[in-house]
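Reader: I am in my first year and would like a close look at a single part of this structure. Please take one strand and its surroundings, and then say how the other parts compare in layout.

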Amino acid sequence: MKEYRGKDMQRYFIWTIGCQMNKAESQRMASYLDYTDYQVAATVQEADLVVLNTCVVRQSAEDKVLGTLGLLKGLKKEHPNLSILVTGCFVDSDIKGLKRRFPHVDFFFKPGAFSQLTGWIQETQDIYSTPETQYAALKWRAPSPCAFVSIIQGCNKFCSYCIVPYRRGREISCPLGEVVGEVKGLVEQGVKEVTLLGQNVDSYGHDLSERPDLADLLAELNGVGELARIRFLTNHPRDMSQKLIEAVASLGKVCEHLNLAVQSGDNDILKAMRRGYTIEQFRELLHTIKLYMPGISLSTDIIVGFPGETDEQFERTYALLEEIKFDMVHVAAYSHRPGTIACQKYEDNVPLGVKKERFGRIEQLQTNVATIINSAYRGETVEVLVEGQKKGKWYGRTRGDKIVFFNNNDDCLGQLVKIRVEKTSPWSLQGRVNYNG
Ligand code: SF4
């Protein structure tokens, strides 16, 4: 029998940097490798095969990727048989250039290109493979009652600060029947909630021959028997249609929570970001959403310190957040990404200290807002889908995406339970099971 670093089994380690899409894709790759003769390695040092799933959305993420590639180069010197595979947004269309820069990497493949991974494994590795292993790459193992499902890759929007369209490429939707089949497969494994993922999930389907849209997909999934909840992200304000809003409002399994990235409260900054909407149009959209779903929970993304952002422009963003009172705000300080329009066109001229100060002010504001929003839940009973245990407490989320912790002696993983909320913080709720709820 072939020996691998003193063992009779090959071991893999998947190193994931970045967003939920990368995490979902890593889970799928792990499923495939589990179905082959590979075993998971506890540490990267024990692995015979390392897959590095990368993110380059921010310079700090790319620096982390470069640092990890350096570390893997050292490991490969010690263990020349180590195979290194790289995927994710670091892999652009210039694969030859990447190979020249990183000769210690055995194989680069584009994000989501699972057939390239399975093809490489079968061509190069002494691995017994069956049709089931190929099938497993499609029908992946669900790690919890809540699963992520990628439905569209890439982005056609070209926001001026964003590297994603250059790295992930143009939008490619997964056929509706395949998504429904995948979700049914997950439900058979006990999954109760799916989150549909895409860089711009609202533009799902325009590239498919039947041209289904996200509302059509949600309607199909709403009919999947044991599935309890459906979520989706990330939404683009320009692509959120009336039909989609009506679908969220009317389909019982679709949760009343939307992530709607506004990025700035100032029209000139939005224009320079090439977001394609004005703040008036964004407000109008929120008005429509709240007409259909007054109690909807909303989260957003904000970038502070975009090139040229003045104090007045930042104050408009601050005022918008004060006015709208999102349930959650993801804030980031702008950093130049070589290759983007903003990097070519503008100077990164907001000093780091100013960016940090604006970042801190948004975080403090949001802490205050979330404290007030969450405290209104005290004494209320909420329905929670239980996702797991942390530090001896069960936890799960409400339909509105609030994290709830509670004690319970019985195993309630994957169950919908009613929790009476007793304590709140800006980040979570705590309570006890309400058996009469
Ligand atoms: S919508 Fe804009 S920010 Fe989002 S992935 Fe596409 S280009 Fe990037």
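**Strand β3 and its surroundings**

Author: In this predicted model, strand β3 pairs with strand β4 (residues 83–88) in the parallel sense, over six bridges. One of the partnerships is between L52 and V86, the latter in β4. To get from β3 to β4 the chain passes through helix α2 (residues 59–78), and this β-α-β crossover is right-handed.

β3 also pairs with strand β1 (residues 10–16), again in the parallel sense, here over five bridges. In that pairing, I14 stands opposite V51 of β3.

Now take the side chains of β3 itself. L49, V51 and N53 point one way from the strand, while V50, L52 and T54 point the other way, and all are buried. Six of the six residues of β3 (residues 49–54) are buried, so the strand is largely enclosed by the rest of the structure. For a residue to count as buried here, its relative accessible area must be under 20%.

The cysteines need a separate word. C89 is buried, at 6% relative accessibility. The closest cysteine sulfur to that of C89 belongs to C55, and the distance is 6.1 Å, which is too far for a bond. A disulfide would require the two sulfur atoms to lie within 2.5 Å. By this rule the count comes to zero disulfides.

Helix α1 (residues 20–35) contains S26. S26 counts as buried, because its relative accessibility is 8%. Its C-alpha atom is separated by 23 Å from that of R397, and the two residues are 371 apart along the chain.

Helix α4 (residues 114–124) offers a case to set beside the strand. Its buried residues are F114, L117, T118, W120 and I121. Seen down the axis of α4, these buried residues fall within an arc of 160°, so they line one face of the helix. The spacing follows a general rule: an α-helix has 3.6 residues a turn, so residues three or four places apart point the same way. On the other side of α4, S115 and E123 are exposed.

Strand β13 (residues 381–390) shows pairing in the antiparallel sense. With strand β14 (residues 393–397), β13 is joined by five bridges, and the two run antiparallel. In this pairing the bridge partner of Q389 is W394, in β14. The hairpin of β13 and β14 has two residues between the strands, and K391 takes a positive phi near 50° there. β13 pairs with strand β16 (residues 416–424) too, in the antiparallel sense and over five bridges. There V382 stands opposite I419 of β16.

Last, the ligand. The residues around the ligand are C155, K157, F158, C159, Y161, C162, V164, P165, Q199, H236 and R275. This shell divides into seven nonpolar, two polar and two charged residues. Of these, C155 is buried, with a relative accessible area of 10%.

Key. Residues numbered from 1 in each chain as written. Predicted model: local features only at pLDDT ≥ 70, side-chain atom pairs only at ≥ 80, totals over all residues. Heavy atoms only, no water. Buried < 20%, exposed > 50% of the residue type's maximum accessible area, 1.4 Å probe, protein only. Helix = DSSP H or I, 4+ residues; strand = E, 2+ residues; numbered from the N terminus. Arc of directions from axis to C-beta. Pairing = 2+ DSSP bridges. Right-handed = clockwise from strand over helix to strand, strands pointing away. Near = heavy atom within 4 Å. Nonpolar A, V, L, I, M, F, W, Y, C, P; charged D, E, K, R; others polar.
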